[in-house]
Amino acid sequence: MDISSHDVLLVGGGGAGLRAAIAVSETNPKLKVAVVSKVYPMRSHTVSAEGGAAAVIKSNDSLDEHAYDTVSGGDWMSDQDAVEAFVKEAPEEMLRLEHWGCPWSREPDGHIAVRPFGGMKKERTWFAADKTGFHMLHTLFQTSLKYNAITRYDEFFVTKLLVDGGRVQGVVAIELMSGKIHAILAKAVILCTGGCGRVFPFTTNANIKNGDGMALAYRAGVPLKDMEFVQYHPTGLPFTGILITEAARSEGGYLLNKDGYRYLQDYNLGTPQPKPVLRSMELGPRDRLSQAFVKEMEKGRTIDTPYGPVVHLDIRHLGEKIINTKLPFVRELCLKYQNIDPIKEMIPVRPVVHYMMGGVHTDLNAATALTGLYAAGEVACVSINGANRLGSNSLTELLVFGARAGKAAAAFASETAEPGSHVVAQAMDEQRRLERQFLSKTDGRESIATIREEMQATIEKGAGIYRTGDLLAQAAQNLRRLQERFQNVAITDHSYTFNTELTAVLELAFMLDVAETIVQSALQRSESRGAHQRTDFPKRDDEKYLAHSLIYRNEDGSSRLEYLPVTITRWPPAERVYGK
Amino acid sequence: MIDTITLEVARYRPEQETEPTFERFEVPFNKDWVVLDALNYIKDRLDGSLSYRWSCRMGVCGSCGMMVNGEPKLTCATFLSKYVPGPIRVEPLRYFPVVRDLAVEMTDFMDKLKSVKPWIIRQEERPLSEGEYLQTPVQLDNYKQFSMCINCMICYAACPVYGLDHHFIGPAALALAQRYNMDSRDQGTDERLDLLSQHEGIWGCTFVGECTKACPKNVDPAGAIQQYKLKAATEWFKSFLMPWGRK
Amino acid sequence: MKETHNYTLYHPKWYRERVSTYWWARQWSYFRFILRELSSIFVAYFVVLILFLLHALSQGPESYAAIQEWLRTPFAITLNFISLLFTLFHTITWFNLTPRAMPVRIGGKRLPDWMIAAPNYVAWVVISAIVAWFVIGG
């Protein structure tokens, strides 16, 4: 076993991870930073984000308005102290990225351009055409190359957090290239592994988004927060789940049912206007739009395709010029993957799982309940997103809280002792577990793909856009059964070099754990709020559930839930009103 | 319409064999499937030990570049229907060492990316409190094309110069250098020029032009390199004619 | 890379295919590239030929007649015909590549490639016409 030691270790090399790594280096250049990622940094899923990143910069806008949109968009589940800190630091973080070279789209006079976005009352979404995440990630990655204190462990798959004496002291990781197991020790660890969309069958998420960090933390006894809140994006391409950015609607696209009718007007989202109106109709929040789709489907007003029912996103009236300058990637994706040209044809879309509002429970400084462990980005839940995230807040979030995590971890690591030797023994145990459970296992009979597909079908049925107690309970039971069957999983590849079957099986194990936390958290929340809609409890219940759920793992693998009141500072809970 | 299509997939298991072989798999034919879907079908149902990289499946993460019937392609954007009736030959990206099956070694590429200093270089940083650097849409457009590179390395697999001489910095990295040189916020052109005018830099390129043709994102690395050569040549002439001038 | 693999018995072994000497023959686009590289020899040959013609001219009518004599041999005609083809190939591909190396922007918009290549062709035709007028007309 190879043992190395650093001051701060990042798990995940996407937007949050790279921002955090740079923040550590800038806070204290003497600290040795390690970025451990199962893919090369520029493959991270931040790359797929399209629409933009919100931050107040124009004079007609204010921090309070951004905060209010975020809080009401989150159905008052957001912690308002976190939201206030977030909107305040957002502009500075975005400017910093501009200084690092991010090719933000511009006004004719050279200032930053902003666009409207769903659920936002003002135009405040910075964008780089419709490849915002791509440009942000590459800017962060290229800038990170400047810092010599940052060591990267590319294509290292983390299997376990090393915890001793009540604090985290490093990780165990498999080097994909050689199959070698490493103990990478550190005084502080920051999880930046993103979400877990792959738990669901239809998702915009990349293949690498398996909830690794959530499961790692959960297994180490750290609670996950608000896991029942799963965001469906209303406009994904059928079959592939490829995202058609919200920018398509903010530029003026219409959502039409099979009769060519803008059906959102039937769901309390305002009256249709020819031009886009902020916080109205197609620019309503994602949860409400996805829910409206299901209702349309139930009324038989959607269009049937081999890949399930769809509605149409129509951007033809925007004309070739706007589509080519503001939405080039939308056109490219439609042409390349759906074989349609949005200049001439309507785009078939359906809601697809997009984002986890929930995640590893952290405080304002990204610290988790475990000493030395931090989390930032989609893997974390601070929570600014509450019960429903507004489009274009997540890219900003990974900058703001990535930076906060980096600073906090740097401060912690600067005054903390070196990791002890006990954890090396733990790492040896982990190596033996991996050998025994997977690499030398020859008697399994269950196929990885079958268990994965059944898990996906189970969670879609139980914890989809609309949920009921019965279906959730059934899903919980099914997942238990799948966990048992997983013990008998078949592994055909016993080699060391680049063994992607091994990583697939480890990812499946992570996903099964995360799926259970989603279902258990949803089962316990007997109300409807934001993205969590229970048909058996259709009303929001502020008396009982204006609180974050915290799910803990018990020793025996079962879970328990606790609740933590939501922090309200200036915006008392009210009704969410759109279209007015 | 056919029901199935055959894939001939390159296999290399370094713990068992000394050189790659081909294995044939028959997969269902579906007009909506891309080559990557077929590989995933193989991994899920036929042979779990097949190894390759993939992630976003929407042509932006750059993981899934492979040779498809001899041409470097993003397999997530290459439809099976283009190759009917088959067979389709899938190999790892050309000119790179193969680690296993369809996965190639890419640390050399990563080092090259870093070597061109792909970050904003300034004599003096502007404080954040003074706001953004102004950059007009025209100035943005000057380098925008070169900023679209997804690092998929397809241009390297198309470049015989890289194939023959691995010291050549190569299309993507040179285009990235040009991306920063052309950025109105950057002042590092001179710093980069010394490095890039070496033999392994721009002058290694013989303008085969295949990188630009193969690029799935229309980055035009060949154009970037030629523009760079023009600039380097004019700089050289200037210093030759006016040695008392710059530097 | 560090090479201390005490865990894996096996040491990573990358397979690197040797690039064939005939790599240029395997793909049409590569072959065309080699043809273009080769064409420069013929361009050079024309330059040398003109130098010889000038030299002969300065030596008097006899030596110019001798070189004209040689130019009429089937070998010289074939050689010059092939060289002409290669030179044409060289010229056309070169013109078509100029937009790559010299993008021109007017009013913030990049001119389409053909607009940058076209002046080359126009100049070529005009100069050829003038030369032809001198040779044939004059």
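# Exercises on a predicted three-chain model

The side chains of Glu332(A) and Lys217(B) form a salt bridge in this predicted model, with N and O 2.6 Å apart. The exercises below start from this contact and then move into the individual chains.

## Exercise 1. The interface of chain A and chain B

Describe the interface between chain A and chain B, going from its extent to the elements of chain A that build it.

*Solution.* Begin with the extent: 66 residues of chain A are in contact with 66 residues of chain B. Together the two chains bury about 5,500 Å², and 55% of this area is on carbon and sulfur atoms. Within the share of chain A, Arg43(A), His99(A) and Tyr337(A) supply 14% of the area buried against chain B, which is more than any other three residues.

Next, take the polar side of the interface, where six salt bridges are found and where 31 residue pairs are in polar contact, both partners having pLDDT 80 or more. Turning to the elements of chain A, at least two residues each come from α3 (80-99), α4 (132-144), β6 (150-154), α9 (328-338), α12 (448-462) and α14 (500-524). Of these, α4(A) gives the most, with six residues. Finally, the composition of the side of chain A that touches chain B is 28 nonpolar, 18 polar and 20 charged residues.

## Exercise 2. Cysteines without a partner

Work out why Cys152(B) is not bonded to the closest cysteine sulfur, and set the case of Cys334(A) beside it.

*Solution.* A search of the whole structure finds zero disulfides over all chains. For Cys334(A), the nearest cysteine sulfur is that of Cys76(B), 15 Å away. For Cys152(B), the closest cysteine sulfur is in Cys215(B) at 6.4 Å, and the two are not bonded because this is too far for a bond; the cut-off used is 2.5 Å. As to their surroundings, Cys334(A) is buried with a relative accessible area of 0%, and Cys152(B) is likewise buried, at 8%.

## Exercise 3. Salt bridges within a chain and between chains

Place three salt bridges in the structure, namely Asp69(A) with Arg124(A), Asp220(B) with Arg100(C), and Glu235(B) with Lys231(B).

*Solution.* The structure holds 75 salt bridges over all chains. In general, side chains of opposite charge can pair when their charged atoms come close.

1. Asp69(A) and Arg124(A) meet at 3.0 Å, N to O. This pair links distant parts of the chain, since Asp69(A) is in helix α2 and Arg124(A) in the loop between β4 (114-115) and β5 (125-126) of chain A, 55 residues apart. Both Asp69(A) and Arg124(A) are buried.
2. Asp220(B) and Arg100(C) have their closest N and O atoms 2.8 Å apart. Because Asp220(B) lies in the loop between α8 and α9 of chain B, and Arg100(C) in helix α3 (residues 74-101) of chain C, the pair joins two chains. Asp220(B) is buried, with a relative accessible area of 2%, and has a positive phi of about 60° although it is not a glycine.
3. Glu235(B) and Lys231(B) meet at 3.5 Å, N to O. Both lie in helix α9 of chain B, four residues apart, or about one turn of the helix. Glu235(B) is buried at 15% relative accessible area, whereas Lys231(B) is partly exposed at 36%.

Beyond single pairs, salt bridges with shared partners join Asp75(A), Glu228(A), Asp287(A), Arg525(A), Glu527(A), Arg529(A), Arg540(A), Asp542(A) and Arg576(A) into one network.

## Exercise 4. Backbone features in loops

Locate the cis peptide bonds that lead into Ser383(A) and Pro87(B), and describe the backbone and burial of Trp76(A).

*Solution.* The bond between Val382(A) and Ser383(A) is cis, with omega about 15°, and Ser383(A) sits in the loop between β18 (380-381) and α10 (394-414) of chain A. In chain B, the bond from Gly86(B) to Pro87(B) is cis, with omega near -5°, and Pro87(B) belongs to the loop between β4 (71-74) and β5 (88-91). Trp76(A) is not a glycine, yet has a positive phi of about 60°; this residue lies in the loop between α2 (63-73) and α3 of chain A and is buried, with a relative accessible area of 1%.

## Exercise 5. The outline of chain C

Summarise chain C by its elements and its burial.

*Solution.* Chain C has four helices and two strands, which follow the pattern α-α-α-β-β-α along the sequence. Of its 138 residues, 25% are buried. Among contacts in chain C between residues at least 6 apart in sequence, 46% join residues at least 24 apart.

Definitions and conventions:
Residues are numbered from 1 along each chain as its sequence is written. Chains are lettered from A and ligands numbered from 1 in the order in which they are written. This is a predicted model: local features need pLDDT of at least 70, side-chain atom pairs count only at pLDDT 80 or more; totals for chains, interfaces and linings use all residues. Side-chain values use heavy atoms; hydrogens and water are left out. Contact means heavy atoms within 4.5 Å. Buried area is the accessible area (1.4 Å probe) that two parts lose on being put together, summed over both. A salt bridge is a side-chain nitrogen of Lys or Arg within 4 Å of a carboxyl oxygen of Asp or Glu. A polar contact is a pair of N or O atoms within 3.5 Å; within protein, one must be able to donate a hydrogen and the other to accept it, and residues adjacent in sequence count only if both atoms are side-chain atoms. Ala, Val, Leu, Ile, Met, Phe, Trp, Tyr, Cys and Pro count as nonpolar, Asp, Glu, Lys and Arg as charged, and the others, Gly among them, as polar. Buried means under 20% relative accessible area, exposed over 50%, partly exposed in between (1.4 Å probe, protein chains only).
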